[in-house]
Amino acid sequence: NVPYVEGAEEFLKRYAMLYKIFVVSATPHKELSSIIKKRGLRGYFHNVYGAPRRKTILVRNIIRDNKLTNRELVYIGDALSDYEAAEANSVEFIARINNNDELFYGKTIRFKVKDLATLKKILEKAGKG
């Protein structure tokens, strides 16, 4: 019942065919898969990964299993574990700030966004769009 992050649904509808989009979440995998199915979102994602596996390992596996380079990816997240997974894998990180800016205090983050409405512009600035 949680509303979409502003711009997220529009981005998925517009760009899911252009980009391989993955979900990496601390939500238990079975619950996450159920939520995505109930919301009719499965078709937007190349793959979905949830707990108990650690995000750092999941990102490493995404890179390996999809024959990608870390420079081809961008990780969008709102938790310190998201930042750490991106950093550990040398992946560009975009912080979604939602009353959580203190989580990233002292961290070097090139891009911070309140919502995903401007995501395409940020990806272009990051050299990913």
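Contact here means heavy atoms within 4.5 Å. The model used in these exercises is predicted.

**Exercise 1. Helix H1**

Task: Find which residues of H1 are buried, where they sit around the axis, and what they pack against.

Solution:
- Step 1. Start with the range: helix H1 covers residues 8-15. Buried means under 20% relative accessible area. Ala 8, Phe 11, Leu 12 and Tyr 15 are the buried residues of H1.
- Step 2. Check their directions. These residues lie on the same side of H1, because they cover an arc of only 100° around the axis.
- Step 3. Turn to the other side of H1. Glu 10, Lys 13 and Arg 14 are exposed there.
- Step 4. Look for the partner. The buried residues of H1 pack against helix H5 (119-125).

**Exercise 2. The nonpolar cores**

Task: State how many residues the largest nonpolar core has, and which elements supply it.

Solution:
- Step 1. Count the residues: the largest nonpolar core has 20. Ile 36, Phe 45 and Ile 94 have the most contacts inside it.
- Step 2. Assign elements. At least two residues of this core come from each of H1, helix H2 (29-38), E5 and H5. H1 gives the largest share, 4 residues.
- Step 3. Examine Ile 36. Neighbours within four places in sequence are set aside. Ile 36 then contacts Val 23, Leu 41, Arg 42, Phe 45 and Val 48.
- Step 4. Search further. A second, separate core has 19 residues, including Val 24, Ala 85, Ala 86 and Ile 109.

**Exercise 3. The three-stranded sheet**

Task: Give the strand order of the open sheet of 3 strands and identify its edge strands.

Solution:
- Step 1. Read the order: E3-E4-E5, with parallel pairing.
- Step 2. Pick the edges. Strand E3 (74-77) and strand E5 (111-113) each pair on one side only. From one strand to the next, the twist averages 25°.
- Step 3. Inspect one pair. Strand E4 (residues 92-96) joins E3 in the parallel sense over 4 bridges. Val 74 has Glu 92 in E4 as its bridge partner.
- Step 4. Add the helix. H4 (residues 80-88) lies across E3 and E4, and runs at about 170° to E3.

**Exercise 4. From E1 to E2**

Task: Determine how E1 pairs with E2, and whether the crossover between them is right-handed or left-handed.

Solution:
- Step 1. Take the pairing. E1 and E2 run parallel and are joined by 4 bridges. Pro 28 stands opposite Ala 51 in E2.
- Step 2. Trace the chain: E1, then H2, then E2. This β-α-β crossover is right-handed.
- Step 3. Bring in helix H3 (residues 55-65). Its buried residues are Lys 55, Leu 58, Val 59, Asn 61, Ile 62 and Ile 63. The buried residues of H3 pack against strand E1 (22-28), strand E2 (47-51), E3 and H4.
- Step 4. Step past the end of H3. Lys 67, just after the helix, takes a positive phi of about 50°.

**Exercise 5. Ala 117**

Task: Locate Ala 117, classify its exposure, and list what it touches.

Solution:
- Step 1. Locate it. Ala 117 is in the loop between E5 and H5.
- Step 2. Classify it. Ala 117 has 48% relative accessibility, so it counts as partly exposed.
- Step 3. Find its contacts. Not counting residues up to four places away in sequence, Ala 117 touches Glu 6 and Gly 7.
- Step 4. Compare chain and space. Ala 117 and Glu 9 are 108 residues apart along the chain, and their C-alpha atoms are separated by 9.4 Å.

Definitions and conventions. Residues numbered from 1 in each chain as written. Predicted model: local features only at pLDDT ≥ 70, side-chain atom pairs only at ≥ 80, totals over all residues. Heavy atoms only, no water. Pairing = 2+ DSSP bridges. Axes fitted to C-alpha atoms, helices over the stretch in contact; angles between N-to-C directions. Buried < 20%, exposed > 50% of the residue type's maximum accessible area, 1.4 Å probe, protein only. Arc of directions from axis to C-beta. Core = buried A, V, L, I, M, F, W, Y, C linked by side-chain atoms within 4.5 Å. Right-handed = clockwise from strand over helix to strand, strands pointing away.
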